[in-house]
Amino acid sequence: MSTRDTDWDGVRLHVVTGKGGTGKTTVAAALALALAAGGHRVLLVEVEGRQGIAQIFDCPPLPYEERKVAVAPGGGDVYALAIDPEAALTDYLEMFYNLKRAGKALTRFGVVDFVTTVAPGLRDVLLTGKATEAVRRRSGGKFAYDAVVMDAPPTGRITRFLNVNAEVAGLAKVGPIHNHADKVMDVIRSPETAVHFVTLLEEMPVQETLDGVAELRDAELPPGGIMINMTRPATLGKRDLDAAMAGTLDLDEIVTGLKAAGLPGDEATARALATELGEHAVRVALERREKRRLAAAKQPRYLLPVVPDGVDLAGLYRLAAELRQQGAA
Amino acid sequence: MMPTEAPGLEVDRLIDDPRTRIIVCCGSGGVGKTTAAAALGLRAAERGREVVVLTVDPARRLAQSMGLTELDNTPRLVADIGGASGGRLHAMMLDMKRTFDEIVEAHADPARARQILANPFYESLSSTFSGTQEYMAMEKLGQLRRSDEWDLIVVDTPPSRSALDFLDAPARLGRFLDGRLIRLLMAPAKAGGRAYMKVFSVGMNVFTQAMTKILGAQVLKDVQTFVSALETVFGDFRERADQTYKVLQAPGTAFLVVAAPEHDALREASYFVERLDEERMPLAGLVLNRVHTTGAADLSDARSLAAAEALEETKSHPLVASALRLHAERMQVAEREARLRGQFTSAHPAVPVVEVPAQPQDVHDLEGLRRIGDELADLTRPTDLTG
């Protein structure tokens, strides 16, 4: 789909997961922009009913309808869709069974509650079903979208969410739902799908990422890249880091430096800065350790810089450029 | 803009008060709820209370620090806590499937219980339904409260995106079980089924046809068996959930909303605060976790950056230049956090707030929990860094 070589050529369904607080939705949006760059059509879907995409692109809440939300550098388009299980169910009934009237009756009788309450496997079939339908959809002899990016449930649930086949198998061994789940799985298991993990260089998100990658492999689902979010450039050398960590920084030197910079070089400020350097050093050491642990997963890794003032649209384009530069899109 | 000054949250007064029997820590996922709950429980125990902490999904190392090595659904004594105070700390991890199984076993005769436990829909409902965890947390809380073995129960709510799930999920499940669909599905299994169907005759044909078409006949049958088997169990079950919900409204319960100083987490916290108010549930306050602090608040980010640049130009004092850049960044973060906090307190001026500074690394031992506990109880910290 691209004239450039990327790490994920041939992948058309990018599933983006991550622990809460890692910036999963932001990275999914940035990835969609990156994939759209240079004239492609990309659909960004969300499945958790949070309207996170609308917030990121600063537009009104998304209806159950594919809507253009952004233009990518070089003339590509990003469309967005918030998949709502109820609407997806009606859609599904219409598409596969021509049961428009039934949809209304089912809603009235609380079937939607049933689908979303008793059997989450069924809800997930609907959500993944809608996303994979967009992947397969053709118009005018070619694919309607060059790529679909899904802002998926968090890492702890991702394998279960994608492995709908296994989930549904227990509920429906034969029959239409089973067949539908099979079709969804065909796409998800194919080389056209990659599941990316968003993480921070912190202990818990890294652990969840490693567990998630292992779980996906066990379920024979395709792990993709690891997007390490909110990273900072290294500013201190090893000697300074060691001294900062050990609390042996020379306060006099800091005082002299502060004065040289035209600041009042009082000892309290110097001490406060030394404390901040010490905390920074602890963090850097921790980040290095977590980075090494991530390397063990043997999946491509991408480093996304922290956007100091919180991610706005400009920040999103910057992250997209990073992803492209590093070969993620 | 000067942020509105919120009252400080007096954590020690809350946990020392013998009338406080339940503290519910809620908030969106990833804000440090579990750690806050554990730290509170530990502090209360060391101040002499008989405490049980109910956690739902702790990080492995945090669980280990409290001596929880596996999910076993029973409170375990955490060793070496309390000392002279006479307090004790118990901790347990919720196993939602086991809690569910126990309820079924307690309320259905053995044959029926076996039938329910073996049904594929039960398997699905008890282990994957996103609301089951909330329902079971609520149920476990009720059990612990009724046992009266502890004088303080600290609950860590399940990790969901929305803090409201904890309050809403049980009702949703209850509504579903009361719903028309259930009655409809059970109708054929009942003696009076025919008459029943007549009531629903409008759309009934379409309904069964559609259900059979979508689900397949076998699935429909499984669902029906499951639903009718559960019905015997659930009348009682629903009542218990309602009772527990009422306990949450009673004096003696305190909600602590935990949030990180980030836009999304604080928005969720806001929703939750409003909701608690609507439900007349007692809110103790907001724990603002992982706040960035500095010992050099007088040195603004702009001055700090300018000074760093000056040093970099002359290529002198690179360490100090880096320190100033780090400080500038920290000041920016602190200002953003203060702004967000200001927005929250403007909207909810009466909600007491306590800030817990960001820790350089994750907490996974009792010492770390004690440190968080000290921070939680610290009333000396300036409430506004930038003002």
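**A first look at chains A and B**

In this predicted model, the accessible surface of chain A comes to about 13300 Å², and carbon and sulfur atoms supply 52% of that area.

**View 1. Chain A from end to end.** The C-alpha atoms of chain A fit in a box of roughly 80 × 40 × 40 Å, taken along the principal axes. Inside that box you'll find 14 helices and 10 strands. Of the 329 residues in chain A, 57% are buried. Look at the contacts with a separation of 6 or more, and 72% of them in chain A turn out to link residues 24 or more positions apart. As for charge, chain A carries 39 positive and 43 negative side chains, and the centres of the two sets are 5 Å apart.

**View 2. Helix α1 of chain A.** Here's α1(A), covering residues 24-36. Does its length agree with what its residue count predicts, or disagree? At 1.5 Å a residue, its 13 residues should span 18 Å, and the end C-alpha atoms are indeed 18 Å apart, so the two agree. The helix is also well covered: 13 of its 13 residues are buried, so the rest of the structure largely encloses α1(A). After the helix comes A:Gly38, with a positive phi near 85°.

**View 3. A:Arg157 and its neighbours.** Zoom in on helix α7 of chain A (residues 155-162) and you'll spot A:Arg157. Buried or exposed, or something in between? A:Arg157 has a relative accessible area of 33%, so this residue counts as partly exposed. Setting aside residues up to four places away in sequence, A:Arg157 touches A:Glu48, A:Arg123 and A:Asp124. Another residue to find here is A:Gly212: it is 55 residues from A:Arg157 along the chain, yet their C-alpha atoms are separated by 8.8 Å.

**View 4. Chain B as a whole.** Now over to chain B, which has 16 helices and eight strands. Its 387 residues are 56% buried, and its accessible surface is about 16400 Å², with 50% belonging to carbon and sulfur atoms. Among contacts in chain B with a separation of 6 or more, 79% involve residues 24 or more positions apart.

**View 5. The open sheet of chain B.** Follow the eight strands across and the order reads β3-β4-β2-β5-β1-β6-β7-β8, with mixed pairing in an open sheet. β3 (76-77) and β8 (353-357) of chain B sit at the edges with a single partner strand each, so one side of each has no neighbour in the sheet. Strands of a sheet are held in pairs by backbone hydrogen bonds, parallel or antiparallel. For a parallel example, take β2 (residues 50-55) and β4 (residues 88-93) of chain B, joined by six bridges. One residue pair to look for is B:Leu54 with its bridge partner in β4(B), B:Met92.

**View 6. Strand β7 of chain B.** Further along the sheet, β6 (residues 253-259) and β7 of chain B pair in the parallel sense over five bridges. B:Val258 has B:Val287 in β7(B) as its bridge partner. Seven of the nine residues of β7(B), residues 283-291, are buried, so this strand is largely enclosed by the rest of the structure.

**View 7. B:Arg330, in touch with both chains.** This arginine belongs to helix α15 of chain B (residues 318-347). What does B:Arg330 contact, leaving aside its neighbours within four places in sequence? The list is A:Glu276 and A:Glu279 in chain A, plus B:Thr293 and B:Thr294 in chain B. With 16% relative accessibility, B:Arg330 counts as buried, because the cut-off for buried is under 20%.

Terms used. Residues are numbered from 1 along each chain as its sequence is written. Chains are lettered from A and ligands numbered from 1 in the order in which they are written. This is a predicted model: local features need pLDDT of at least 70, side-chain atom pairs count only at pLDDT 80 or more; totals for chains, interfaces and linings use all residues. Side-chain values use heavy atoms; hydrogens and water are left out. Helices (H or I, at least four residues) and strands (E, at least two) are DSSP runs, numbered from the N terminus. Buried means under 20% relative accessible area, exposed over 50%, partly exposed in between (1.4 Å probe, protein chains only). Contact means heavy atoms within 4.5 Å. Accessible areas come from the Shrake-Rupley method with a 1.4 Å probe; for residues, only the protein chains shown count as cover. Lys and Arg count as positive and Asp and Glu as negative; His and the chain ends are not counted. The place of a charge is taken as NZ of Lys, CZ of Arg, CG of Asp or CD of Glu. The expected span of a helix is 1.5 Å times one less than its number of residues. Two strands pair if DSSP finds at least two bridges between them.
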